[in-house]
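Reader: I'm new to reading protein structures. Could you walk me through this one, a piece at a time?

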Amino acid sequence: MAALRPYVPLLLAATAVSLATEGVLYRWQRDMLSLFAKSHADLTLRHVLRDLLLVVGLLRIGEQDRETAYAPLVAGLLLFYGLHCAIQAVSVLVRRTRTLPVVTRNIDASALRLSPAPPVLLRRAGPRLLAYGLPSTAGLLAAVATGAPGCAGFGVAVSLGLALKGLYDLLVRLLPSRRPAGEQEVLDWFDAWLARYRPTVGLYFSGGASSAYQANMWLEPLAKLDGRPLIVLRERFMVQKIAATDVPIVCLPKVSTLLRLEQSTLRVLLHPSNSGKTSQVLRIPRLKHAFVNHGESDKLSSCNPYAKAYDEVWVAGPAARERYARAEVGVEDKDVVEIGRPQLDAVRPYAGPPTGPYTTVLYAPTWEGWDGNPGNTSVIEAGENLVRALLADPGVRLLYKPHPLTGSVDPRAGAADLRIRELIRAANRERSGKRPSRGDELARLARELDRLTMTSCRAGADTVERMLAQSTPVPGRAEAVARATAAWEEAYWASLPEGEHQIVTDARPALYSCFDHADLLVSDVSSVVGDFLASGKPYAVANTSGLAPDAFRKAFPTAGAATVLTPDAAGVPQLLDAVRHPERDELAVERAELKRRLLGPDEPAAQTRFEHAVQALCSAARQHRARLAERLAAELPGQRHEVADAPESVAAPESATPSR
């Protein structure tokens, strides 16, 4: 309206508001930007319309012969938008040259001519158009206000200069000497690295961003193995989701690249979860596959029929073996191997009842799951009642650690989680306590731990730049991380006011650190219960299934030594009394027996049993390769095949099925 009238003050104000609105949308309203894009009203169109209306306003102000004077200005704007499109096209080409078939971490990949990523502004069309087009828009505004075409010409010239500079910066990156190695060169380098490193056992993982914890729990046991471990991922984003480790990490997005592992010395792959891409690696017949899971419970997910696709299923103790037998999902008993839970070797054992003024209770409910079973999580039906009952006891300090996926399926769980957090905050407001003066020390230890576990990269770094920055780790880093983590956890717990309730949602402190500082666990039917049994401390399980207590214990053996709590939390006072007075604890003997059934014997240690299982399966893989080579030699007379410790020179057909 201001351009057609024309009315200069309104035109200036409307343009300023329009530009400010663009900034607000990009900063706080990304969903609205997506809606505009779906309506074919993306930033490019909006910017063109904005400049076009400014030009229309200029043409309608003053004399009628202004069209000739402003023709070069219109041509400059058209050239600028043409350069914008050219930059976007070249940016796509640069991105393709930097999309390597193999992504690494903890590996020296400098031979691939890795380099820092282009500036973010050159890779994102929307922000780039706003930034580069701002001088031209400002020049047009100045021309409208002053009537001087030179202001508009200067602004358009600056925008053209910025666009030409950006285009040049991208074009230079396409020169053979400046771009990373090509696909075949990267694959040849990867084959050579596998031949030098000679991996023996790998951890295979594929999943969503929130599922990285399933792999992270196996990092430490994997690193302690006597061999050359490797982590194999399938999603590029997952490389940065894996926690701090010195184990080499490779991400192989394509199946054709994944199958190159067949020519390596890798013998065994461990699988902490099932995923759609697991079937792709099972096609490699020369590898042995073991399912190690990411925790065990009485849920159906702990005896998934998919487990029969693996050569072996590794479980913690006899209870899991019995669970597979009862489920009749096709897993044969001879393929089940009991290894314990190596992650739990460091959990502190029960040292007696609480000695201070407070009893620390860890409430760690699970999430709602995918199957819609109301008994999966206690958060919806019992969470608030349990928390109220615990907070009603003045001698309780509550640690609330919800599952990271809480509310991701059922909004009611998310809403209940928020209400529980507010109950805890309200209780803390009524409980005053002096905060120990260790905040500075905690911050210093946090910085030291971050320095050891995080590789500093620019916010706009891409995978190639991160590969360059996250090269071979400094020797001894893993030991330094362990020491720094222990020091941070000690300082963290010491920095908290005595009796202050805590909502634990960050990566630190870890769940097992919460185990060490808790006198009692309240949870659901989940792997948390089985893991907590390693401590020998009392625990309770919320029963929201509607079953009677005896039927609940029979249906869920992990609750066999637990105090079963109803949704109304009526049994909480008696439970706390038994924790504070061990002579009234009638379940101590049952807990010790259940611990042996769930986790196996204390000796040898779980890490030792894990090591023995890996070595046995590696030996079976070597024997399998030898037999396979003999069969191939019989079918192809005159040809010999390297087996066992050396990479094979003849690959099995891609259509081969897993060895089972």
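Author: Sure! Let's start with a term: rings of Phe, Tyr and Trp (its six-membered ring) pair if their centres lie within 6.5 Å. Keep in mind that this is a predicted model.

Reader: Okay, which residues form one aromatic cluster?

Author: Ring pairing is what we look for here, with centres within 6.5 Å. The structure holds twelve aromatic pairs. One of them joins tryptophan 218 and phenylalanine 610, whose centres are 5.5 Å apart. The cluster is made of Trp218, Trp314 and Phe610.

Reader: Is the pair of tryptophan 218 and phenylalanine 610 stacked, edge-to-face or tilted?

Author: Planes under 30 degrees apart count as stacked and over 60 as edge-to-face, with the rest called tilted. Here the angle between the planes is 45°, so the pair falls in the remaining class. That makes the pair of tryptophan 218 and phenylalanine 610 tilted.

Reader: How many residues apart in sequence are the parts that this pair ties together?

Author: Tryptophan 218 sits in the loop between helix H9 (213–216) and helix H10 (219–223). Phenylalanine 610 belongs to helix H24 (residues 606–635), so the pair links parts whose separation in sequence is 392 residues.

Reader: And is phenylalanine 610 buried or exposed?

Author: The cut-off for buried is under 20% relative accessible area. Tryptophan 218 meets it with 3%. Phenylalanine 610 has 0% relative accessibility, so this residue counts as buried.

Reader: What about tyrosine 306 and tyrosine 310: which of these is buried?

Author: Their ring centres are 6.0 Å apart with planes at 50°, so this pair is tilted. Tyrosine 306 has a relative accessible area of 28%, making it partly exposed. With a value of 1%, the buried one is tyrosine 310.

Reader: Let's move to helix H18. Why does its end-to-end distance agree with the expected span?

Author: Helix H18 (residues 477–495) has 19 residues. The expected span is 1.5 Å times one less than the number of residues, which gives 27 Å for H18. The end C-alpha atoms of H18 agree with that, because their separation is 26 Å.

Reader: Which elements do the buried residues of H18 pack against?

Author: The buried residues of H18 include Ala484, Trp488 and Tyr492. Trp488 has another partner too: arginine 508 lies over its face, 5.3 Å from the ring centre. As for the packing, the buried residues of H18 touch strand S10 (396–400), helix H16 (439–453), strand S11 (502–503) and helix H19 (511–517).

Reader: S10 and S11 are strands. What are the edge strands of their sheet?

Author: In general, strands of a sheet pair through backbone hydrogen bonds, either parallel or antiparallel. This open sheet has six strands in the order S11-S10-S9-S12-S13-S14, with parallel pairing. Looking for strands that pair on one side only, we get S11 and strand S14 (563–565).

Reader: In S14, what is the bridge partner of alanine 540?

Author: Strand S13 (residues 539–542) and S14 run parallel and are joined by three bridges. In S14, alanine 540 has as its bridge partner threonine 563.

Reader: At about what angle does helix H14 run to S9?

Author: Helix H14 (residues 379–391) lies across several strands, including strand S9 (359–364), S10 and S14. Relative to S9, the direction of H14 is at about 170°.

Reader: Now for the sheet of eight strands. Which strands stand at its edges?

Author: The order of this open sheet is S1-S4-S3-S2-S5-S6-S7-S8, and its pairing is mixed. An edge strand has a single partner strand, so one of its sides is left without a neighbour in the sheet. The two edge strands are S1 (103–105) and S8 (336–338).

Reader: Inside that sheet, which residue of S3 stands opposite leucine 203?

Author: Strand S2 (residues 201–205) and S3 pair in the parallel sense over five bridges. Both faces of S3 are covered, with Pro229, Ile231 and Leu233 buried on one side and Leu230 and Val232 buried on the other. The residue opposite leucine 203 is isoleucine 231.

Reader: Last one: at about what angle does H24 run to S6?

Author: We met H24 earlier as the helix that holds phenylalanine 610. H24 lies across strands including S2, strand S5 (268–271) and strand S6 (288–291). With respect to S6, H24 runs at about 150°.

Conventions. Residues are numbered from 1 along each chain as its sequence is written. This is a predicted model: local features need pLDDT of at least 70, side-chain atom pairs count only at pLDDT 80 or more; totals for chains, interfaces and linings use all residues. Side-chain values use heavy atoms; hydrogens and water are left out. Helices (H or I, at least four residues) and strands (E, at least two) are DSSP runs, numbered from the N terminus. Buried means under 20% relative accessible area, exposed over 50%, partly exposed in between (1.4 Å probe, protein chains only). A charge sits over a ring if NZ of Lys or CZ of Arg is within 6 Å of the ring centre and within 35 degrees of the ring normal. Contact means heavy atoms within 4.5 Å. Two strands pair if DSSP finds at least two bridges between them. Axes are lines fitted to C-alpha atoms, for helices over the stretch in contact, and angles run from 0 to 180 degrees between N-to-C directions.
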